[in-house]
Amino acid sequence: MTDFVRFPDSFIWGTATSAYQIEGAWQEDGKGPSIWDTFAHTPGNIQDRSTGDTAADFYHRWPEDVALMRSLGLQAFRFSISWPRVLPEGTGRVNPAGLDFYDRLVDGLLAAGIQPVVTLFHWDLPQALQDKGGWPSRETADAFGEYAAVAARRLGDRVPAWITLNEPWVAAFAGHYTGDHAPGWRDAKAALQAAHTQLIAHGQAVQALRSLCSNHPKIGIALTLSSVQPASQSEDDLAAAGRYDLILTRLFLDPLFHGRYPAELQAGFPGLFPDVRPGDLDAASAPLDFLGINYYSRDVIRHNPDIPWIQAEPVQPEGSPYSQMWEIYPPGIYEVLARVWRDYHPASIWITENGVPVPDGVDADGRVRDFRRTAYLLDHLVQVRRAMDEGVPVEAYLVWSLLDNFEWAYGYKMRFGLVYVDFETQQRIIKDSGHWFARVIRDHGFAAVKEQI
Ligand code: GCO
């Protein structure tokens, strides 16, 4: 008898995207530049020397893509608002054409029976705010609160779910410590300060959404979380994994759910601790309707004294399958869910991103046979169901991503979509994984047998 993995009828199935990665139209209809426009246009930052200038041309093709979503039976579509498309200088002057675009998109999704899940910030900070200091500057938190209010006033009567920030850890550390992401800084103290300012900003946005959205929407945040494990049981590796988890996980979850930073943070990283003022975290720890978790893989950590300030680094475990970017480790999504539920007890958890890059190609018959992506999704959904069976309140699963898109510093080298995009012609082809996911939504589950994929 084949096991059928069944989810509740109320479970929300959808996909996730972000503005810079799919919209294109980078200078159209009054949009101002973002730090990703600047970063991608700077030679050497993007591996295939591409940009998001056109991306998947979603800005023009969204009606066709909404029809695709409807054909798949998607119940929710997560997208982000390009902050500089709405506020070209980041604050002050509103660009009516920018707001009109999102107004039409939200109405188009609702008309198709698809819930819009709106992310306010998915890394494309207005360049004008970067020029004034960016996330390390506290004023950026005030600007974010102003931007959230503008979005809430226009869309707050219809949008059922808002996400304030996407992966503030990546915006802080890839953007300000490793420099792999915009704005390309390499400054550990700036990275921690950027993390802190984003938490203040999150609190301001929650207050704006709670007060201005007339339809009382669900409000959450989307964090990148991984199952952090020591490479060995040596004291050094155990301590290194603890420090890594402190920075990746507890730096955000402790303030959000406990209203304070972990004591080890100040002790563990002297001289780097951010400028925290009384009351900074009060709004940040306001109750949330859901915690969004973006899960991709685990982090196996060993001690390395040569790594500045954290003395820890990820290793690549042998014996595991790998995608083009990470180890494929499905039990990790269960481990993350179980830990977050145990330590933070969120009211609800949404998987706001889960997916895998596969070097997809179109076969002679026009099909994209991305079996590895379907197998990845199936294996991770089995682990999500395992956590739910233990009482973890997972209520949504959004695949990253609907469309192949601009994968940040990798450019277009990494394909994550359930729908293939030919970036020369902008043709869309639903991949085998997209057809499988449509059946999962229809049947509220799937047979846990890969031969039937
Ligand atoms: C992230 C971002 C997405 C990425 C996706 C694949 O989680 O890093 O939210 O924008 O494209 O995760 O790396």
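In this predicted model, the charged end of Arg385 sits over the ring of Phe7, 5.8 Å from the ring centre. Another arginine does much the same kind of thing: Arg298 lies over the face of Tyr329, at 3.9 Å from the centre of that ring.

Turning to rings that meet other rings, a search of the whole structure turns up 40 aromatic pairs. One of these brings together Trp36 and Phe39, which are arranged edge-to-face, with 5.1 Å from centre to centre and 70 degrees between the planes. Both residues belong to helix α2, which runs over residues 35-40, and they are three residues apart, or about one turn of the helix. Trp36 and Phe39 are both buried.

Trp436 and Phe446 make a pair with another geometry. Their ring centres are 5.6 Å apart and their planes meet at 55 degrees, so this pair counts as tilted; the edge-to-face label is kept for planes over 60 degrees apart. Trp436 comes from helix α14 (residues 432-443) while Phe446 comes from strand β15 (residues 445-447), so the pair ties together parts that are ten residues apart in sequence. As for exposure, Trp436 has a relative accessible area of 5% and Phe446 one of 3%. Both count as buried because the cut-off is under 20%.

Back at helix α2, Trp36 and Phe39 also show up in a wider arrangement. Ring pairs link them with Tyr20, Trp123, Phe406, Trp408, Tyr412 and Phe423 into a cluster.

Key:
Residues numbered from 1 in each chain as written. Predicted model: local features only at pLDDT ≥ 70, side-chain atom pairs only at ≥ 80, totals over all residues. Heavy atoms only, no water. Phe/Tyr/Trp six-rings, centres within 6.5 Å; stacked < 30°, edge-to-face > 60°. Helix = DSSP H or I, 4+ residues; strand = E, 2+ residues; numbered from the N terminus. Buried < 20%, exposed > 50% of the residue type's maximum accessible area, 1.4 Å probe, protein only. Lys NZ or Arg CZ within 6 Å of the ring centre and 35° of its normal.
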